[in-house]
Amino acid sequence: MCGIVGYIGKREAYPIIINGLKRLEYRGYDSAGIALYDGTEIQLSKTKGKVSDLEERISKEITTHGSLGIGHTRWATHGVPNDINSHPHYSNSGDLVIIHNGIIENYASIKQELINRGYSFESDTDTEVLVNLIEEIKKKENVKLGKAVQIALNQVVGAYAIALFDKNKPDEIVVAKLGSPLAIGIGDDEFFVASDASPFIEFTNNAIYLEDEEMAIIRLGREVRVRKIKDDKLVDPYIQELQLNLEQIEKGGYEHFMLKEIYEQPTVIKDTYRGRLLANKGIVKLGGLEDHIGKFKNANRIIIVACGTSWHAGLVAEYIFEDMCRIPVEVEYASEFRYRNPVISEKDVVIAISQSGETADTLAAVKLAKKRGAFVYGICNVVGSTISRETDSGTYTHAGPEIGVASTKAFTTQITVLTMIALRIAKEKGTISERHFMLHLRELEMIPDHVAEALNSDEKIKEIAEVFMDASNFLYLGRGYNFPVALEGALKLKEISYIHAEGYPAAEMKHGPIALIDEQMPVVVIAVNSNHYEKVVSNIEEIKARQGKIIAVVTEGDTTVRNLADFIMEVPKTPETLSPLVTTIPLQLLAYHIAVMLGKNVDQPRNLAKSVTVE
């Protein structure tokens, strides 16, 4: 949930760290801080607020010289967001300084023991407890910093990614990981540390991604040494060549990352099926699936575990898999899955969906499913992420970096992958006719063009947003494949505009939510051509009879709903099974424009972070 950046080498550390924090601000932005070593003393500055606030503060209170430093952007867990609770944190002696992403669950008992030994604490954080525990072990056991970190981490319970240094050893940074991502960039006698590779991509394409329960001692003039935290065993680290480029993590002329990512969807959907889908040859093939197709073919059921937007993609997949493959599907909130003692067997297939591949709740569900003997298949966007390593097999989406906290292109690329999986399994099982199989391949290949066409309605959607920007509540309705799209549309509006919104199956409206409808209530109805079209029209009539304001997503050329709705947003004609890929586009744009008109920070909505690596 927090962003970590570190540097040690021959360059000035400050510009690398501050720019890295800006790139990681999607991971947390309620406070930020930096610690630099200038050869004499540690220069530390931290503040509540964003990285821009930190920059302003630094300019007034510290010098920025030094080739060793660590920086942090925080999403608060222990302790409210304020200057004192911001990272980095000193040890009591002032020799050690640390940054930390994660939660130390047993920090309270450790803190009390340290207080009994004479330690004092300025902040309410578990992180300050950890750095003082490391210092106490270092002094008491008379060991080097790396060994003290190892001993301390064997005493704590929780999740962490940490980076720290000792001002008395300015040629060394110690890092460790459990449950939160950490990458080490390998340069020419210089090293970079970050939560992901974006802070150092212009300096090196070589990186080591630490595995859980691994730590590394990064020292100038020698290779990175990686050890297992539990047993001190040396690990031969794999140096990975990064595929990321600088252009992907810049705004590219768009006002916000979210808008850029909405407009990237035609390209990234095509990238996601490129080389996997050959419609003219009747081929859909995913490398991670082919060797395990029998597991899916013979599965008693498929269980999909995910959170947030990925959960909504899973709901769409439930319709697709059951329709095409005739396999029972259950879609579970990963955050609830492991706490209700679920019934899982070796005949089950569990699909875990996560944009970042680091979502703590989804990762916990993966580990439980594997322990119970299920075959676990991962769908995520980030190469080398924890879920991609923990699952038995899987498929990457190729959405590129998603910096905006509110997911957009993750949703459509996840649905694209899930659709290809369903088509391949249905073909293998013989539960789809050749004609329908070929039809879906051709139609899926055309989706990027349909999405591009839907984006052409941007200006009209902006006009609708201007009408409803002051609404206090929204209701979103959809049926069948587009019920999850209604949920996703409501989530987008809530996340970035802070307007209360709820998504419902359209048929459920009369079982309660209809009581809310009056002339002040905007109701967004997904009313594209489908098997439910007449039923949705009836729902619109019910809303209209109660003076609700109707914003309808309709298929191009629709006349019936056009005559009933107050406003329409048109999308190209698409088969119902693929319609969520286009119907979600106007809902993303509507939420975006309302939030911008309200002056909200759409890329960094309050209280949210992109990669939820704590429970």
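**Entry 1: Gly 548**

I started at Gly 548, which sits in the loop between α18 (533-544) and β26 (549-555). The model I am reading is a predicted one. Is Gly 548 buried or exposed? I found a relative accessibility of 6%, and since buried means under 20%, Gly 548 counts as buried. Next I listed what Gly 548 touches, leaving out residues up to four places away in sequence: Ile 517, Asp 518, Met 521, Ile 543 and Asp 566. I also took a C-alpha to C-alpha distance from Gly 548 to Thr 419 and got 35 Å, for a pair 129 residues apart in sequence.

**Entry 2: the chain as a whole**

I then stepped back to the protein chain. Its secondary structure comes to 19 helices and 27 strands. The radius of gyration is 25 Å, close to the 25 Å that the globule rule gives for 615 residues, so the chain is as compact as a globular protein of that length. Along the principal axes, the C-alpha atoms fill a box of roughly 80 × 55 × 45 Å.

How much of the chain is buried? I noted 61% of the 615 residues as buried. The exposed area is about 23,300 Å², and carbon and sulfur atoms supply 46% of that area. For contacts between residues at least 6 apart in sequence, I recorded that 71% join residues at least 24 apart.

**Entry 3: cavities**

I looked for enclosed space. Rolling a probe the size of a water molecule over the atoms shows where empty space is left. The search of the whole structure gave four cavities of 30 Å³ or more. I followed up the second largest, which holds about 60 Å³.

Which residues line the second largest cavity? I wrote down Arg 479, Tyr 481, Asn 482, Ile 526, Ala 527, Val 528, Ser 530, His 532, Tyr 533, Val 536 and Glu 576. By class, this lining divides into six nonpolar, three polar and two charged residues.

**Entry 4: Ser 579**

Two of the lining names, Tyr 481 and Asn 482, came up again when I checked Ser 579. Apart from residues up to four places away in sequence, Ser 579 touches Tyr 481, Asn 482 and Thr 574. I placed Ser 579 in the loop between β27 (567-571) and α19 (580-597). Its relative accessible area is 3%, which means that Ser 579 is buried.

**Entry 5: Leu 590**

I moved on to helix α19, where Leu 590 is found. Leu 590 has 0% relative accessibility and therefore counts as buried. What is Leu 590 in contact with, its neighbours within four places in sequence aside? I listed Ile 461, Ile 464, Ala 465, Tyr 476, Val 524 and Met 569. From Leu 590 to Lys 492 I got 9.1 Å between C-alpha atoms, although the two are 98 residues apart in sequence.

**Entry 6: the loop with Asp 231 and Asp 232**

I turned to the loop between β13 (225-228) and β14 (234-235), which holds Asp 231. Asp 232 lies in the loop between β13 and β14 as well. Asp 231 has a relative accessible area of 51%; exposed means over 50%, so Asp 231 counts as exposed. Asp 232, at 27% relative accessibility, counts as partly exposed.

I also checked the C-alpha atoms of Asp 231 and Val 467, which are 236 residues apart along the chain, and found them separated by 62 Å.

**Entry 7: backbone angles**

Last, I went through backbone geometry. Most residues other than glycine have a negative phi, and most peptide bonds are trans. I noted three places that depart from this pattern.

- Asp 232 is not a glycine, yet its phi is positive, at about 70 degrees.
- Arg 326, also a residue other than glycine, has a positive phi near 55 degrees.
- The peptide bond from His 87 to Pro 88 is cis, and its omega is near 5 degrees.

Where do these sit? Arg 326 lies in the loop between α10 (308-325) and β19 (329-333). I marked Arg 326 as exposed because its relative accessible area is 59%. Pro 88 is found in the loop between β4 (68-74) and β5 (89-90). The loop of Asp 232, between β13 and β14, is already in my notes above.

Definitions and conventions: Residues numbered from 1 in each chain as written. Predicted model: local features only at pLDDT ≥ 70, side-chain atom pairs only at ≥ 80, totals over all residues. Heavy atoms only, no water. 1 Å grid on protein atoms, 1.4 Å probe; cavity = no way out; pocket = protein on both sides within 12 Å on 5 of 7 lines; lining within 4 Å. Points joined across faces, edges and corners; volume = space filled by probe spheres on them. Nonpolar A, V, L, I, M, F, W, Y, C, P; charged D, E, K, R; others polar. Helix = DSSP H or I, 4+ residues; strand = E, 2+ residues; numbered from the N terminus. Rg over C-alpha atoms; globule rule 2.2 N^0.38 Å. Buried < 20%, exposed > 50% of the residue type's maximum accessible area, 1.4 Å probe, protein only. Contact = heavy atoms within 4.5 Å. Areas by Shrake-Rupley, 256 points an atom, 1.4 Å probe, with all protein chains shown as cover.
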